[in-house]
Amino acid sequence: MRMSNAKALLGYSIFLLAGSSEAHQIWYEQPPGQSLSLYYGEYDKNMLEVTPGGMDRFRQLKGWSVGDKSQPLSLTLQRQAFAVAHQGKSDDSLLAQDPHYPIFDSHEADKALKTYWTPATRWVGDLRARTPELTLDIVPTGQVEGNKAQFQVFYSKKPLVDQEVMLEIGSGEVVTQRTDKSGKVSFDLPWQGTYVVAAEYKDRTSGERVSPDGKTEPFDLKSFSSTLSFYRVQGKPSLPRAPSQLPASEVARLKKQA
């Protein structure tokens, strides 16, 4: 007899270090038979930024295929996503990042820090081994045993040791692990559906950058977020998505219109 989704989730939660992703991220999704899309928000919370709103903050968001770097992917802005004019193949990796997201203030110990944030993502058609390309990158190692897979985290193409890594599931659960001395981490993947592996890293080197319009912009730290997304056809039937949430900025805008 098959357990209900609610009972299955309760049972599996015993083995999870549950939590929630506090920071925004970008990620690709391509469920079977559907078109490829690039989202901005928080996957585990099913919170998607929209336009007008957070989706309009990107200055130089670019996507490309590792298999064909000759031409950027076409990203068409829609209400809740960028539609991607590309069909991902099983052996390909699709990357995206924005190196000129607007500098913003983050706060640590009541101190405001001008933060140079680079959001990035990678989509893979399967879990064969890949090599790092992004500044902060998460790749499969090709080590898959049943429903357990290994991943490796790199910063500037060097393994990132003792780095917190999160596995985000569409039902709202988050599993947290730390990388070993080789920057590797393993996760169980018991469900069918889309998974997002996420990491964040702060490089506390201050400096300056030149904006797309030629202005010099000082910053106190560089912050990176990166995700790896993929779809699993193996495993138990996927659990329901977490209830959809609007971003706070959109909620505020709708209140003003009411």
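Contact here means heavy atoms within 4.5 Å. The model is predicted.

Q: What makes F187 a contact of residues such as N147 and V197?
A: Heavy atoms within 4.5 Å count as contact. F187 touches N147, K148, A149, F151, V165, M166, L167, V175, Q177 and V197, leaving out residues up to four places away in sequence.

Q: Which residues of the largest nonpolar core touch the most other members?
A: They are F151, F187, L189, V197 and F230, in a core of 24 residues. Elements giving two or more residues to this core are β10 (136–145), β11, β13 (164–169), β15 (184–188), β16 (193–203) and β19. The largest share, four residues, comes from β11. Another core lies apart from it, with 16 residues, including M55, F58, Y101 and W123.

Q: Why is Q150 called buried?
A: Buried means under 20% relative accessible area. Q150 has 19%, so it is buried. Q150 sits in strand β11 (residues 148–155).

Q: How do you know that Q150 and T141 make a polar contact?
A: The cut-off for N or O atoms is within 3.5 Å. The side chains of Q150 and T141 meet at 2.8 Å, so the distance fits. Beyond four places in sequence, Q150 is also in contact with residues including P140, K184 and S186.

Q: Why is L246 called partly exposed?
A: Partly exposed lies between under 20% and over 50%. L246 has a relative accessible area of 41%, so the term applies. L246 lies in the loop between β19 (221–232) and α2 (248–257).

Q: What makes L246 eligible for a nonpolar patch?
A: Patch residues need over 30% relative accessible area, and L246 has 41%. L246, V251 and L254 form the patch, with about 210 Å² of accessible area together.

How values were computed
Residues are numbered from 1 along each chain as its sequence is written. This is a predicted model: local features need pLDDT of at least 70, side-chain atom pairs count only at pLDDT 80 or more; totals for chains, interfaces and linings use all residues. Side-chain values use heavy atoms; hydrogens and water are left out. Patches are made of residues with over 30% relative accessible area and no salt bridge: like charges are joined within 9 Å, nonpolar side chains (Val, Leu, Ile, Met, Phe, Trp, Tyr) within 5 Å. Accessible areas come from the Shrake-Rupley method with a 1.4 Å probe; for residues, only the protein chains shown count as cover. A salt bridge is a side-chain nitrogen of Lys or Arg within 4 Å of a carboxyl oxygen of Asp or Glu. Buried means under 20% relative accessible area, exposed over 50%, partly exposed in between (1.4 Å probe, protein chains only). A polar contact is a pair of N or O atoms within 3.5 Å; within protein, one must be able to donate a hydrogen and the other to accept it, and residues adjacent in sequence count only if both atoms are side-chain atoms. A nonpolar core is a set of buried Ala, Val, Leu, Ile, Met, Phe, Trp, Tyr and Cys residues joined through side-chain atoms within 4.5 Å.
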